[in-house]
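Please look at the model below with its sequence beside it, and follow the helices one by one as you read. The paragraphs after it move from a covered helix to the rings and loops.

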Amino acid sequence: MLDLIAHELAPIMFISVMAMLLIGYPVAFTLAAGGLLFFAIGVEVSHISSEIRLFWPLLQSHPERIYGIMYNDTLLAIPFFTFMGLILERSGMAEDLLDTIGQLFGPVRGGLAYAVVLVGALLAATTGVVAASVIAMGLISLPIMMRYGYNRSFATGTIAGSGTLAQIVPPSLVLIVMADQLGRSVGDMYVGALLPAAIIVGSYCLYVFAVTLVKPDWAPALPMEARTLGGGVTSLIAIMAVSVGIYFATYHTLFADMRYEVRLVWAATTAVAVALAASLINRRFKLGILSRLAEQVIIVLIPPLALIFLVLGTIFLGIATPTEGGAMGATGALVLALLKRRIDFAVLKQALDSTTKLTAFVMFILIGARVFGLTFYGLNGNIWIEELLLALPGGEYGFLVVVTIIVFILGCFLDFFEIAFILVPLLAPVAEKLGIDLIWFGIILGINLQTSFLTPPFGFALFYLRSIAPRSEWLDKVTNRRMPGVRTTEIYKGAVPYIIIQFCVILLIIAYPRLVTHYKDDQKVFNPDDIKIEVPSFGGGLQLPGSAPGSDGGNGGLQLPGLQLQGSPNFGDQPASGGNGGNTLQLPGLQLQGAPNFGNQQPAQQGGTGNEGQQGSGGGLQMPSGPPRIDPAPAD
């Protein structure tokens, strides 16, 4: 029995720890306790199995491993992006966006649903936190959608599905952690996620459009009395056309002499600044040039879009690292909140408290994962996982399908951070051995975990929405009507179409890796054959004091007092001829004659034998007394 335990200790450890996590024990402490417990067991039974490589002094490596976590610059982006999202969420940005975009799409059937999807994408690109997105949109848009006759399952599913976009739309915390665990660049991970994120958002909008065609009563248009901003789309299109014209004009004239990236940034900034200034002036002086709708859309949309560009644009253009981009985003969020006068000390304290809690939560899970990982690798658990997954049929595609199923099931029970810190480090070496691009692999895992947020009965997005959706009848203060509550089964039913959409996107990305691997297109590949080293030819040689142009046995060459380097290196089979005698070091085609002489002796005279350098080309290397002097080379 003891032999069996010793030889199968790695799978026993993995299954035991995962079982404790599924039961609900705290993650960080379960990982650390499991790692220490099985470390002690492994040391005690190490004499039975040669596969166990654990010994007590190995525990002394933990302080250095923990310090390595704190020293990780990439993880520093987590508190910055978390703080930015919380400040924006508490400053009322989500409410303004939903109201404005809802008014913009109001005349269209399903307009509120389109607004939720688009605002979900914008919140994902600014907050990066699923809980904040789902709760904000649920509190603001769900009562409005129910007020105007939206199907409750359709409404709740759209809110939950759009809220999970924060998992995959940069600057997602998921992508930061995934890049760190896979050992890849966060910037590459962001670039690789752009197309898949856009495909998911477009697929959500297509689903809403299909619902409005098949079930038009599920998503009616806003009635006229609810369109408080009125019409005015024409003036919005006009100001957008003017902005585009300003962009191209400044790009090709005012900023024509700048580098491409700088031209793009300044031209876009100028065009957007003109549109924003025109809207503010129109509102301030009541000029009536722009409609209320166009004015409101520009004033509400431009600040968060500018913040997104400040964060993602600087990262993509190579101006800032993800950590620096997060710091700029946090600063920009504070500035926006101050300009709107929607921040005070209480809001700031709440945001800082929540950021500190989330960051500490991540750090403690990482520490526990390091303790778990040391023991698991000491038991050759990584080899067990590798052999298990490499034996799967189908090569890389079989591996991706099986891993997708496993991660999806675990995502129903475990948080993303737990899966990322425990499972991803075990899967990454196998993926790399199969030749799978790790950025591609990370994006597949990210979308998979996004899908698991929606899966009944343990999807976290469903829990967030359930916590703020009314359970019983409630009074709508706008219409003074009694509205029915939202049942949990309706939330689950509404999430199913979005789960199917995300699974289809995963299959699409597996079938077409170029949707992600396009991030390599702009990278320069190092080719050693492109490097050429040319050695210049020095005819006549450089002569220093006490030297004479080489005449016999050399072609001039570099000559120092008492030392001659004659000829050019000859890597052939024949030795160089000429200049024998004296203390001579000879290489093929190169002669170093005489020994260095550091003293006041006179230069070696010609004649004599052996150490006196008779019949050589000079005596030793002599340093002349007094300051050094360089004579010009004799004329040819």
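The buried residues of helix α6 are covered by parts that include α5 (77–90), α7 (111–126), α8 and α14 (292–316), where a contact means heavy atoms within 4.5 Å. Helices here are DSSP runs of H or I with at least four residues, while strands are runs of E with at least two, both numbered from the N terminus. Nine of the 12 residues of α6 are buried, and among them are Met-93, Leu-97, Leu-98 and Ile-101 as well as Asp-96 and Gln-103; buried means under 20% relative accessible area, exposed over 50%, and partly exposed in between, with a 1.4 Å probe and protein chains only. The length of α6 (residues 93–104) can be checked too, because at 1.5 Å a residue its 12 residues should span 16 Å, and its end C-alpha atoms are indeed 16 Å apart; the expected span is 1.5 Å times one less than the number of residues.

The model is a predicted one, in which local features need pLDDT of at least 70 and side-chain atom pairs count only at pLDDT 80 or more, whereas totals for chains, interfaces and linings use all residues. Residues are numbered from 1 along each chain as its sequence is written, and side-chain values use heavy atoms, with hydrogens and water left out.

One of the helices covering α6 is α8, in which 13 of the 18 residues are buried, so that α8 is largely enclosed by the rest of the structure. Helix α8 bends by about 40° at Gly-138, the bend being the angle between axes fitted to the seven residues ending there and the seven starting there. Just after α8, Gly-149 takes a positive phi of about 90°.

The protein chain has 24 helices and eight strands, and 47% of its 636 residues count as buried. Its largest nonpolar core has 169 residues, and those with the most contacts inside it are Met-178, Phe-399 and Phe-441; such a core is a set of buried Ala, Val, Leu, Ile, Met, Phe, Trp, Tyr and Cys residues joined through side-chain atoms within 4.5 Å. Leaving aside residues up to four places away in sequence, Phe-441 touches residues including Leu-182, Phe-399, Val-403 and Ile-436.

Which parts of the chain are tied together by Tyr-207 and Tyr-498? These two residues form an edge-to-face aromatic pair, 5.2 Å centre to centre with 80° between the planes; rings of Phe, Tyr and Trp (its six-membered ring) pair if their centres lie within 6.5 Å, and planes under 30 degrees apart count as stacked, over 60 as edge-to-face and the rest as tilted. Tyr-207 lies in helix α11 (residues 186–214) and Tyr-498 in helix α23 (residues 488–511), so the pair ties together parts that are 291 residues apart in sequence. Tyr-498 is buried, with a relative accessible area of 1%, and both tyrosines belong to one aromatic cluster with Tyr-150, Phe-154 and Tyr-204.

Two loops deserve a look as well. Most residues other than glycine have a negative phi, yet Lys-286, in the loop between α13 (260–285) and α14, has a positive phi near 50°. Asn-380, in the loop between α16 (345–378) and α17 (381–390), likewise has a positive phi, of about 60°. Are these two residues buried or exposed? Lys-286 counts as exposed at 75% relative accessibility, whereas Asn-380 is buried, with a relative accessible area of 14%.
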